[in-house]
Amino acid sequence: MSVAPTHRERPGVVDLIRAAGAGRAHLYAVQEGSPSAAPAAGAGSIAVAEIPSVVSAGLQVPTLDGGTVEYANFDHGASTPAFTAVKVAVDTATRTYSSVHRGKGWASHVSSAWYEAAREEVAAFIGARDGDSVIFTRNTTDSFNLLARALPRDTVVFVFSTDHHATILPWAARRTVRLEVPGSPQDAEILLDEALRTRRATNRLVVLTGASNVTGELWPVAALTAIARRHGARVALDAAQLAPHAPVDLAALDVDYLAFSGHKLYAPYGTGVLAGRSDWLDAAAPYLAGGGATAAVTPESTTWHTGAARHEGGSPNVLGAVALAAACATIRRSRRAIEAHEARLGARLSEGLRAIDGVRTYSIFGDTHERVAVVTFTLDGLDSGLVAAALSAEHGIGVRDGKFCAHILVDALLEERPYAASVPTTAVRVSAGLGNTDAHVERLVSAVADLVANGPRAAYEIAEGRGWVPVEDTRDVEPPLPW
Ligand SMILES: Cc1ncc(COP(=O)(O)O)c(C=O)c1O
């Protein structure tokens with residue numbers, strides 16, 4: 001396997017800092033000519049014609065015939081590759097990596113400044129309002145668990161059963177109202193309205209999803225938020241699948257909280273975000289009690305910080321924050337190019353797969369509903385795990401099979417459409433992104449057509465703990481360790 005990063009050698013960060021002289025702009029310097037050569041945070045108006053590159057571009061993977069092929073990664077919905085710009089920013093920040101908020105050395109000063117600048121960049125990316133907290137977490141799951149711990153005790157939470165487990169499960173079961181799988185956006189509005197009418201409480205939180213991780217469909221966030229507002233409820237938005245593809249703006253969407261993950265946003269360095277209104281967050285017990293979250297500790301008492309620090313106890317993930325900020329800045333600069341690229345890939349994926357007899361695609365709101373570049377399907381008579389294994393082993397294509405941590409929705413979608421030969425219990429998901437080319441999409445569509453027509457070329461069996469695997473695997477299935 002080979003990965004060819006495209007960035008050039010750059011001057012050391014300290015050189016950059018010195019060269020730039022006084023002022024803050026030098027803190028954002030990235031080497032000239034890199035894909036991420038960047039303006040300072042907040043400058044969003046520079047148009048970049050090309051889509052941002054990813055470090056895995058051109059990755060070669062082995063196939064069963066003994067050859068190699070360029071990896072076609074259709075699993076962006078699970079995790080994305082890193083942007084080249086993100087790797088460059090992380091490499092730069094690694095040079096000066098040092099203690100944050102504590103050390104007095106110059107490298108500590110730089111790391112601390114970059115950590116807080118990263119927060120500002122993320123805040124700009126999500127349209128955070130004055131007074132909103134922008135808290136670095138590990139991922140969306142962590143963000144919602146934090147929020148669940150910060151809710152006033154009597155809060156009743158309303159959430160659609162269609163959502164990802166990270167969005168359904170963190171809330172106290174007794175005070176959670178699970179809304180049914182709706183058949184249409186209007187149905188979703190009626191379900192929420194009725195639930196809010198009947199289940200009253202002083203504090204109520206409606207948890208919505210921007211884009212379904214199963215079907216990619218966009219949820220009617222504006223309409224549902226308006227209903228929540230009419231009933232005096234707060235709104236939290238799961239933007240894990242939306243933020244990589246479309247603008248998410250706390251102020252414009254009028255939502256109270258927003259969560260997303262860096263590893264789904266081309267910044268796979270262990271950082272996520274919870275952002276939103278600070279009153280409940282500042283009143284809650286710290287999520288991670290310990291150093292960094294405290295303003296003062298005496299034998300008798302502890303005074304906790306307010307703001308993001310209250311919930312970021314322990315040493316923060318500076319490199320993860322820098323990575324996420326670099327990804328946000330990169331996306332903001334390339335927004336139009338990204339949207340055009342993904343719209344083209346998504347349209348061709350849907351159209352190509354739907355045109356194959358024997359492919360069944362799934363949606364909550366109907367095939368023509370607006371969506372990000374995700375298609376979930378089953379093949380008549382072929383187990384989804386076998387489909388995924390054959391696509392990988394024979395065609396170098398990475399997809400996801402299973403229920404995608406959204407069991408209730410997948411069960412509902414599959415059971416709605418039983419068909420003669422067998423009813424599948426799992427599905428295949430293809431999720432496109434910036435690691436994909438038009439050629440990848442064509443390869444996927446013809447590989448699926450070939451599977452439908454001829455079945456897998458090789459023999460497969462189910463191996464304990466590994467699912468479907470080729471009976472004879474000529475590939476080096478134990479890759480050498482990278483360290
Ligand atoms: C819509 C949605 N919400 C939440 C999550 C959880 O994200 P993470 O695994 O990064 O915590 C996912 C992950 O797939 C998702 O797709």
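Helix H12 (residues 384-395) packs against helix H14 (residues 438-454) in this predicted model, with an angle of about 120 degrees and axes 11 Å apart. Elsewhere, seven strands form an open sheet with mixed pairing, and 15 residues surround a ligand.

**The helix pair H12 and H14**

- Two packed helices are described by the angle between their axes and by the distance between those axes.
- Angles of 65 to 115 degrees count as roughly perpendicular and those over 145 as roughly antiparallel; H12 and H14 are therefore oblique to each other, at an angle of about 120 degrees.
- The crossing in which H12 passes H14 is right-handed.

**The seven-stranded sheet**

- The strands of the open sheet follow the order S4-S10-S9-S8-S7-S5-S6.
- Strand S4 (132-137) and strand S6 (176-179) stand at the edges; each has a single partner strand, so one side of each lacks a neighbour in the sheet.
- From one strand to the next, the twist averages 15 degrees.
- Strand S5 (residues 156-160) runs parallel to the edge strand S6, and four bridges join the two.
- Within this pairing, Phe158 has Val177 in S6 as its bridge partner.

**Strand S9 and its neighbours**

- Strand S9 comprises residues 257-261 and is mostly covered, with five of its five residues buried.
- In a regular strand, side chains alternate between the two faces of the sheet.
- On one side of S9 lie Tyr257, Ala259 and Ser261, and on the other Leu258 and Phe260; all are buried, and both faces of the strand are thus covered.
- Strand S8 (residues 234-238) pairs with S9 in the parallel sense over three bridges, and Asp238 stands opposite Ala259 in S9.
- Strand S10 (residues 272-277) pairs with S9 in the antiparallel sense over five bridges, and Ser261 stands opposite Gly272 in S10.

**The surroundings of the ligand**

- Of the 15 residues around the ligand, the closest are Asn139, Thr141, His164, Asn213 and Ser261.
- Ser261 thus belongs to the ligand's surroundings and is also one of the buried residues of S9.
- Helix H4 (140-150) and helix H5 (165-168) each contribute at least two residues to the shell around the ligand.
- By residue class, the shell consists of four nonpolar, 10 polar and one charged residue.

How values were computed:
Residues numbered from 1 in each chain as written. Predicted model: local features only at pLDDT ≥ 70, side-chain atom pairs only at ≥ 80, totals over all residues. Near = placed C-beta within 6 Å. Nonpolar A, V, L, I, M, F, W, Y, C, P; charged D, E, K, R; others polar. Buried ≥ 20, exposed ≤ 12 C-beta atoms within 10 Å, placed from the backbone. Pairing = 2+ DSSP bridges. Axes fitted to C-alpha atoms, helices over the stretch in contact; angles between N-to-C directions. Parallel < 35°, antiparallel > 145°, perpendicular 65-115°, else oblique. Left-handed = near helix turned anticlockwise from the far one by under 90°.
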